[in-house]
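Below are some notes on the packing and the ligand site. They are numbered for ease of reply.

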Amino acid sequence: MSEALDQYINDLQTLAEDAKKAFESAKQKEDLEAHRVEFMGAKNGHLKRLQKGIGKVEKDEKRAAGQKFNEVKQAVEQSFQTAQDRLANLSASEQVGPRFDPTLPGTKRPIGRNHPLTQTVEELKRTMARLGFEVAHGPEIEDEWHNFDALNIPASHPARHPDENFYLANLTQKGHPLLWRSQTSTVQIRVMEKRTPPVRIISLGRVYRPDKPDATHFPMFHQIEGLMVDRGVTMAHLKTTLRLFATSLLGEDVHIRFRPSFFPFTEPSVEVDMSWQGGWLEMGGAGMVDPNVLKAVGYDPDEVSGFAFGLGVERICMRRHNVEDIRSFFENDVRFLHQF
Ligand code: PHE
């Protein structure tokens with residue numbers, strides 16, 4: 001055997017081993033394809049290169065060289081086929097290969113959430129639903145009848161002064177002024193006008209007053225209004241309801257306190273405080289529905305009685321989450337909002 005043929009056969013064997021090793025090392029289809037091109041590529045593959053090498057051996061040895069080449073070619077094709085079968089049988093997770101590191105944390109997609117006030121409102125509805133109160137709605141733009149007159153607030157009352165309210169300068173209804181409602185007590189009237197007792201509702205929504213913004217005031221805020229009218233409703237029902245409301249919302253250790261007060265639409269009237277940080281926090285007003293209000297909606301004060309309360313939602317939310325400044329609810333700073 002000539003030295004040239006000997007060398008040629010050596011080269012073929014080395015190629016067969018290299019190809020086998022490369023195919024076996026492939027961890028994913030893309031790797032295997034790259035090796036296929038490297039060894040079996042029709043243009044520049046190693047096999048193609050060695051096939052051309054047959055030309056360099058002596059004429060009488062060409063036959064032997066060709067035979068050896070065919071053997072090696074088949075062997076290379078066989079090891080490629082084996083590798084291909086192996087990859088096809090891998091499970092999906094094994095196939096992904098080194099580009100995917102399952103120990104890395106996943107991609108975080110920011111998901112929105114409800115505003116803390118909305119969360120509190122939902123919680124208030126759930127709590128009061130358990131006491132049998134259904135939700136009622138009323139408009140934010142009101143007439144003076146629902147915001148004042150029917151609530152026993154006479155025309156001369158200072159609470160009706162333009163400095164205390166947002167009257168809508170160019171908007172009237174049948175010649176009467178309209179305003180952004182200053183309290184949700186308007187909904188008491190709207191509900192009672194439409195229904196006969198017994199009534200047990202809450203209403204949640206925005207109210208507007210021209211207050212200078214500070215840590216505890218904002219010209220727009222939310223109230224929860226409660227109203228219960230039936231035969232024999234007393235102040236004891238009111239206090240029990242508000243205490244259950246406060247403890248189920250804020251915890252068993254929360255106490256409430258009534259202070260004598262005055263509202264034109266309740267008699268007697270109280271301010272409602274809840275315990276907070278060793279002191280008391282004012283949550284809103286309450287009282288027994290004034291007979292004049294019952295008369296204004298066509299109820300008979302000798303037949304039925306009722307209680308009503310109006311509490312600030314922001315105050316409750318601040319109390320729940322230890323928020324110190326009411327203005328943070330409306331600045332829409334995501335760093336603040338993300339905490340809830
Ligand atoms: N509407 C009163 C306010 O906004 C609160 C209140 C509601 C008082 C119901 C008594 C009864 O201050």
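Are Phe-336 and Phe-340 buried or exposed? Both of these residues are buried. The model is a predicted one, and the points below should be read as such.

1. Phe-336 and Phe-340 also form an aromatic pair. Their ring centres are 5.1 Å apart and the angle between the planes is 65°, an edge-to-face arrangement. The two belong to one aromatic cluster that further includes Phe-218, Phe-329 and Phe-330.

2. The count of aromatic pairs comes to ten. One of them joins Phe-23 and Phe-80: the planes meet at 70°, over the 60-degree cut-off, with the centres 5.5 Å apart, so this pair is edge-to-face. It links distant parts of the chain, since Phe-23 lies in helix H1 (residues 3-25) and Phe-80 in helix H4 (residues 62-89), 57 residues apart. Phe-23 has 0% relative accessibility and therefore counts as buried; Phe-80, at 10%, counts as buried too.

3. The largest nonpolar core holds 40 residues, among which Ile-224, Leu-242 and Leu-311 touch the most other members. Helix H9 (residues 235-250) is the top contributor to this core, giving six residues. A second, separate core has 23 residues, including Ala-16, Ala-22, Val-72 and Phe-80. As a general matter, nonpolar side chains in soluble globular proteins tend to be buried together.

4. Leu-311 deserves its own entry. Leaving aside residues up to four places away in sequence, Leu-311 touches Ile-224, Leu-242, Phe-245, Val-272, Met-274, Met-283 and Ile-316, and also His-222, Gln-223, Gly-284 and Gly-285.

5. Two charged side chains sit over aromatic rings. The charged end of Lys-239 is placed over the ring of Phe-258, at 5.0 Å from the ring centre. For Arg-200, the charged end lies over the ring of Phe-133, 5.9 Å from the centre.

6. Which residues come nearest to the ligand? Of the 14 around it, they are Gln-183, Ser-185, Arg-209, Gln-223 and Gly-310. Gln-223 is also among the residues that Leu-311 touches.

7. Polar distances at the ligand are as follows. An N or O atom in the side chain of Gln-183 is 2.8 Å from a nitrogen atom of the ligand. For Ser-185, a side-chain N or O atom is 2.9 Å from a ligand nitrogen atom. Arg-209 places a polar side-chain atom 2.8 Å from an oxygen atom of the ligand.

Terms used
Residues numbered from 1 in each chain as written. Predicted model: local features only at pLDDT ≥ 70, side-chain atom pairs only at ≥ 80, totals over all residues. Heavy atoms only, no water. Core = buried A, V, L, I, M, F, W, Y, C linked by side-chain atoms within 4.5 Å. Buried < 20%, exposed > 50% of the residue type's maximum accessible area, 1.4 Å probe, protein only. Helix = DSSP H or I, 4+ residues; strand = E, 2+ residues; numbered from the N terminus. Contact = heavy atoms within 4.5 Å. Phe/Tyr/Trp six-rings, centres within 6.5 Å; stacked < 30°, edge-to-face > 60°. Lys NZ or Arg CZ within 6 Å of the ring centre and 35° of its normal. Near = heavy atom within 4 Å. Polar contact = N/O pair within 3.5 Å; in protein donor to acceptor, adjacent residues only side chain to side chain.
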